[in-house]
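Visitor: I'm new here, so could you walk me through this one? I'd like to know what lies behind the labels people put on it.

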Amino acid sequence: MRWTELIDLGSVTETIVSGEVITSYSYRTVYANKLSVRSKEYYESRLVGLKPELMFEIRTSEYDNEVKLKFNDKVYDIIRTYEKGEYIELICSSVFNG
């Protein structure tokens, strides 16, 4: 694989300021391979109300349980991961903010 795509992995931090929850996001960039969402993954996810749109593969050592992913200026939720030894697949669905 060529590792030709740059993606931003995002962590979410919530802090309480004057009784109000403030949500902030921090991102870091890693190289990835863009993969197609498998049809079985797509249909099984739809049954539970999820809509997988993108799948990326990165090195397992580069993943730190992030929950957001940015690609081409669009933010996605990481709805599932699948670890395959040295690599991990990140299955993503669109979000409207973050």
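Visitor: Which residue takes a positive phi in the hairpin of S5 and S6?

Guide: That's Gly85, with a positive phi near 70°. The hairpin has two residues between the strands. Bear in mind as we go that this is a predicted model.

Visitor: How do you know that S5 and S6 are paired?

Guide: Pairing asks for at least two bridges between the strands. Eight bridges join S5 to S6, so they count as a pair, and they run antiparallel. One spot to look at is Arg80, which stands opposite Ile91 in S6.

Visitor: What about S4 and S5: how many bridges join them?

Guide: Four bridges, and here too the strands run antiparallel. With a threshold of at least two, S4 and S5 therefore pair. Phe71 stands opposite Lys74 in S5. The hairpin of S4 and S5 has two residues between the strands, and Asn72 takes a positive phi near 55° there.

Visitor: And which way do S1 and S2 run?

Guide: Antiparallel, with 13 bridges joining them. Against the threshold of at least two, S1 and S2 therefore pair as well. Leu9 stands opposite Arg28 in S2.

Visitor: In what order do the strands close into a barrel?

Guide: Follow S1-S2-S3-S6-S5-S4: those six strands close into the barrel, with antiparallel pairing. From one strand to the next, the twist averages 45°.

Visitor: Which residues touch the most other members of the largest nonpolar core?

Guide: The core has 15 residues, and the ones with that role are Ile7, Leu9, Phe56, Ile58, Leu69, Leu90 and Cys92. Strands S1, S2, S3, S4, S5 and S6 each supply at least two residues of this core.

Visitor: Let's pick one of those. What is Phe56 in contact with, leaving aside its neighbours within four places in sequence?

Guide: Quite a list: Ile7, Ala32, Asn33, Lys34, Leu69, Phe71, Ile88, Glu89, Leu90 and Cys92.

Visitor: Phe71 is on that list. Why are Phe56 and Phe71 called an edge-to-face aromatic pair?

Guide: Two values settle that. The ring centres are 4.9 Å apart, and a pair needs them within 6.5 Å, so Phe56 and Phe71 qualify. The planes make an angle of 65°, and over 60 counts as edge-to-face, so the label follows. The structure holds two aromatic pairs, this being one of them.

Visitor: What makes this pair a tie between parts of the chain?

Guide: Phe56 lies in strand S3 and Phe71 in strand S4, so the pair ties together parts that are 15 residues apart in sequence. Both Phe56 and Phe71 are buried.

Visitor: Glu89 was also among the contacts of Phe56. Is Glu89 buried or exposed?

Guide: Buried. Its relative accessibility is 3%, and buried means under 20%, so Glu89 passes. Glu89 is found in strand S6.

Visitor: What makes a polar contact with the side chain of Glu89?

Guide: The side chain of Lys84, at 3.1 Å. The limit is 3.5 Å, so that distance fits.

Visitor: Why does Asn33 count as buried?

Guide: Asn33 has 5% relative accessibility, and under 20% means buried, so the word applies. You'll find Asn33 in strand S2. A polar atom of its side chain lies 2.7 Å from the backbone nitrogen of Trp3.

Visitor: Why is Thr13 called partly exposed?

Guide: Its relative accessible area is 38%, which falls between the 20% and 50% cut-offs, so Thr13 gets the in-between label. Thr13 has its place in strand S1. Its C-alpha atom is 5.3 Å from that of Ser24, although the two are eleven residues apart along the chain. Leaving aside neighbours within four places in sequence, Thr13 is in contact with Ile22, Thr23 and Ser24.

Visitor: Where is Ser18, and why does it count as exposed?

Guide: Ser18 is in the loop between S1 and S2. At 81% relative accessibility it is over 50%, so Ser18 counts as exposed. Ser18 also has a positive phi of about 50° although it is not a glycine.

Visitor: And what makes Asn65 exposed?

Guide: Asn65 has 62% relative accessibility, again over 50%, so exposed is the word. Look for Asn65 in the loop between S3 and S4. Its phi is positive, about 60°, although Asn65 is not a glycine.

Notes:
Residues numbered from 1 in each chain as written. Predicted model: local features only at pLDDT ≥ 70, side-chain atom pairs only at ≥ 80, totals over all residues. Heavy atoms only, no water. Core = buried A, V, L, I, M, F, W, Y, C linked by side-chain atoms within 4.5 Å. Buried < 20%, exposed > 50% of the residue type's maximum accessible area, 1.4 Å probe, protein only. Contact = heavy atoms within 4.5 Å. Axes fitted to C-alpha atoms, helices over the stretch in contact; angles between N-to-C directions. Polar contact = N/O pair within 3.5 Å; in protein donor to acceptor, adjacent residues only side chain to side chain. Phe/Tyr/Trp six-rings, centres within 6.5 Å; stacked < 30°, edge-to-face > 60°.
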